[in-house]
Amino acid sequence: MIQSPSLADTTSTVVSVAHGPDAEPTTVVARFEDRVRLAPQAPAVIDGARTWTYEDLSTAAERVAATLRERVRPGDLVGVCLDRSTALVVTAVALARIGAVYLPLGPRPGERRIQAVTEDLDVACLIGDPAVLPAAHRDGEHTPLPLPTDGVNAPAGAVAAFADCPQGARRAPEGALYAVLTSGSTGRPKAVAVAEASLSVALDWYRSATGLAPGDRQSLLIGVAFDPHLLELWAGLTSGAALVPAPDDTRWDAGVLTDWWRDAAVTVCVAATPTVEPLLDRPWPTDLKLRHLVVGGDRMRRRPGPDVTATVHNAYGPAEATVVTTTYAMRGTATGDLTPPPIGTPLPGVTVVVTDDDGLPVARGQDGELRVGGHCLALGYLDPELTARRFTTPPEHPALEAVGRLYRTGDRVRMDADGSLEFLGRLDNQVKISGVRIELGEVEAAFEQDARVRTAVVTVQRDASGLPRLLAHVKPAEGTHPAPGDLLAAVRAWLPEQAVPASVHLVDAYPLDANGKVDRSALATHAAPAVPAPPADDLADATPGERLVLTTVRELLGRPATVLGDNFTDIGGTSVVAARLLAAVERETGIRPRAHQLLRSTDLRAFAAVLDQRQTPRPAGA
């Protein structure tokens with residue numbers, strides 16, 4: 001259980017400063033090695049029908065490490081382009097043994113995005129299927145790696161791909177265990193480096209809060225480019241539990257996710273908020289072994305109902321503060337409390353401060369910017385100037401005398417009398433989409449890479465359920481007439497899926513506010529359809545499946561001009577939108593299509609045909 005925050009002194013009883021229980025950094029890699037030595041035959045990864053023991057995993061990781069050691073040195077950044085799989089786990093252990101810095105990029109990083117990373121950072125090599133690597137690495141020197149190529153989300157093949165590193169590219173700071181990319185307002189992602197000691201504090205809390213131990217099954221569900229996957233991966237390996245890689249469909253379909261929990265006998269899981277919230281709107285599945293569900297990445301709007309048998313932890317934390325900073329644990333109750341849950345109290349070794357513009361603590365109950373300190377803090381960005389701006393020394397104040405560095409989160413919060421934090425939103429132009437923090441400036445810069453674009457402004461619009469979606473407002477370059485769909489296709493190479501806007505609106509000029517700045521709220525409110533609206537009778541001859549799919553997609557994306565010939569992803573469909581579409585189809589028809597049936601369909605008409613076929617009664621004797 002999480003202890004109540006301690007009070008720094010008498011001042012902290014009235015100002016917004018709270019400290020988690022005392023904690024000391026421990027180890028991560030050595031704790032895994034202890035598990036290998038103490039229980040070599042215990043299951044480490046349960047991958048479909050195959051089980052990898054801790055000894056198997058150790059042996060496989062050593063083979064990969066031996067292959068890499070001639071070219072990869074301690075402290076080198078290594079970009080990992082793999083999905084949630086046994087191959088990913090083997091790679092993480094191998095790089096930790098070498099002392100290299102693990103940089104997770106995901107299985108299908110946008111080519112332009114990964115190119116920017118390898119131009120800015122001193123990346124020793126990229127690991128992945130050659131087909132997903134950028135041109136310089138796809139055509140460069142390859143060293144085949146003995147990684148597993150069977151099982152869930154396994155790569156068809158894997159190499160370490162080497163290419164020349166630009167002069168002046170940044171290296172990871174000394175002592176880094178891993179680095180992750182966060183959104184950057186310049187249009188190029190920035191990397192933050194985390195030490196083993198900081199991750200160890202979060203892992204110690206996780207094992208204590210969940211009771212994760214030998215015999216448990218820990219999910220490997222979170223997207224690889226999203227830093228909570230470090231928490232679930234190393235939590236399993238340092239506790240003696242078994243990691244269970246999740247099939248891709250579990251990200252898109254809440255029904256598939258709960259079926260997988262049951263079939264795989266998962267006992268502890270980390271999941272993104274948008275994935276879990278739909279589950280809290282329906283009866284909780286029976287016969288689950290799931291004891292703990294750690295949820296984060298976006299604002300949580302629902303509490304578990306009385307039938308929820310797992311403890312749900314609403315977790316908050318930026319990558320700069322090592323995945324989890326505060327948590328609030330909930331059990332299903334019959335109280336009917338409909339208020340959004342708080343983000344809770346600080347983890348052991350963590351200090352949280354709610355400040356005014358000058359960095360001074362505000363009184364309890366007042367709004368302010370959240371700043372975080374303690375063992376959880378990352379080493380910093382790979383850009384020293386950016387580190388100096390965001391990781392600061394606190395001003396003189398009695399409640400801050402024992403506090404060293406503080407990280408400015410840019411999040412607006414309020415601290416209650418008991419030290420619990422309520423999340424109120426962002427102070428800047430960042431937004432959480434599908435659990436991923438997006439800098440609007442990065443999305444705008446991605447559009448402005450296109451010669452057909454003069455300028456771009458990105459706004460946020462929320463649908464009826466409160467979920468955010470991005471709208472891009474593009475002023476074309478003189479003499480050009482780009483199609484909105486073509487502009488969306490171009491930015492996909494620069495951006496993660498969650499950052500691709502739902503629609504593009506071409507504008508001649510931007511509305512300005514009284515200060516002469518672009519009036520973003522006016523843009524979002526008066527955004528015109530990107531293409532003319534369809535005729536009123538465009539569904540007159542539609543089949544039941546076509547009518548359901550088209551009306552639902554139009555509503556979810558806010559695109560009344562969507563037609564059956566549109567491709568789902570091309571018009572802004574994301575994993576969250578897909579999950580909601582599949583849920584609507586199941587609710588209306590009783591049919592549960594799988595995500596791949598939507599994503600692999602050439603257009604919406606083809607997906608609707610799948611539904612119509614499944615709804616049509618088969619002739620007698622057929």
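Let's start with R554, whose place is in helix α14, spanning residues 544–557. Helices here are DSSP runs of H or I with at least four residues, strands are runs of E with at least two, and both are numbered from the N terminus. This is a predicted model, in which local features need pLDDT of at least 70 and side-chain atom pairs count only at pLDDT 80 or more, while totals for chains, interfaces and linings use all residues. Residues are numbered from 1 along each chain as its sequence is written, and side-chain values use heavy atoms, leaving out hydrogens and water.

Is R554 buried or exposed? R554 counts as buried because its relative accessibility is 14%. (Buried means under 20% relative accessible area, exposed means over 50%, and partly exposed lies in between, with a 1.4 Å probe and protein chains only.) The side chain of R554 also reaches the backbone oxygen of T562 at 2.9 Å.

**A second buried residue: T118**

T118 sits in helix α4, residues 111–120. With a relative accessible area of 13%, T118 is buried. Leaving aside residues up to four places away in sequence, T118 touches V123, L126, H137 and P166; contact means heavy atoms within 4.5 Å. A polar atom of the T118 side chain lies 3.0 Å from the backbone oxygen of Q115. For a sense of distance, take T118 and L280: they are 162 residues apart along the chain, and their C-alpha atoms are separated by 41 Å.

**An open sheet and its helices**

Now for some strands. Strands of a sheet pair through backbone hydrogen bonds, either parallel or antiparallel. One open sheet in this model has 3 strands in the order β26-β27-β28, with mixed pairing. Its edge strands are β26 (453–462) and β28 (503–506), each of which pairs on one side only. From one strand to the next, the twist averages 25 degrees. Two strands count as paired if DSSP finds at least two bridges between them. How many bridges join β26 and β27? The answer is 9, and β26 pairs with β27 (residues 468–476) in the antiparallel sense. As one example to look for, T455 has K475 in β27 as its bridge partner.

Helix α11 (residues 440–448) packs on the sheet and touches β26, β27 and β28, with its direction at about 145 degrees to that of β26. Helix α12 (residues 484–491) lies across β26, β27 and β28, and runs at about 125 degrees to β28.

**An enclosed strand: β13**

Why is strand β13 (residues 268–272) described as largely enclosed by the rest of the structure? It is because 5 of the 5 residues of β13 are buried. V268, V270 and A272 point one way from β13, C269 and A271 point the other way, and all are buried. Strand β13 runs parallel to strand β14 (residues 292–296), and 5 bridges join them. Within this pairing, V270 has V294 in β14 as its bridge partner.

**Two residues with positive phi**

Most residues other than glycine have a negative phi. A265 and D287 are worth a look here, as the table shows.

| Residue | Phi | Place | Relative accessibility |
|---|---|---|---|
| A265 | about 55 degrees | loop between α8 (254–264) and β13 | 16%, buried |
| D287 | near 65 degrees | loop between α9 (273–276) and β14 | 65%, exposed |

**Helices that pack together**

Helix α1 (residues 29–38) and helix α2 (residues 54–68) pack at an angle of about 125 degrees, with their axes 8 Å apart. That makes α1 oblique to α2. The contact is made by F32, R35 and V36 of α1 and Y54, L57 and S58 of α2. Axes are lines fitted to C-alpha atoms, for helices over the stretch in contact, and angles run from 0 to 180 degrees between N-to-C directions. Angles under 35 degrees count as roughly parallel, over 145 as roughly antiparallel, 65 to 115 as roughly perpendicular, and the rest as oblique.

For another pair, look at helix α3 (residues 86–98) and helix α7 (residues 228–239), whose axes come within 11 Å and cross at roughly 80 degrees. Helices α3 and α7 are therefore roughly perpendicular to each other. In this pair, L88, V89, A92, V93 and A96 of α3 meet H229, L233, W234 and L237 of α7.

Technical notes: A polar contact is a pair of N or O atoms within 3.5 Å; within protein, one must be able to donate a hydrogen and the other to accept it, and residues adjacent in sequence count only if both atoms are side-chain atoms.
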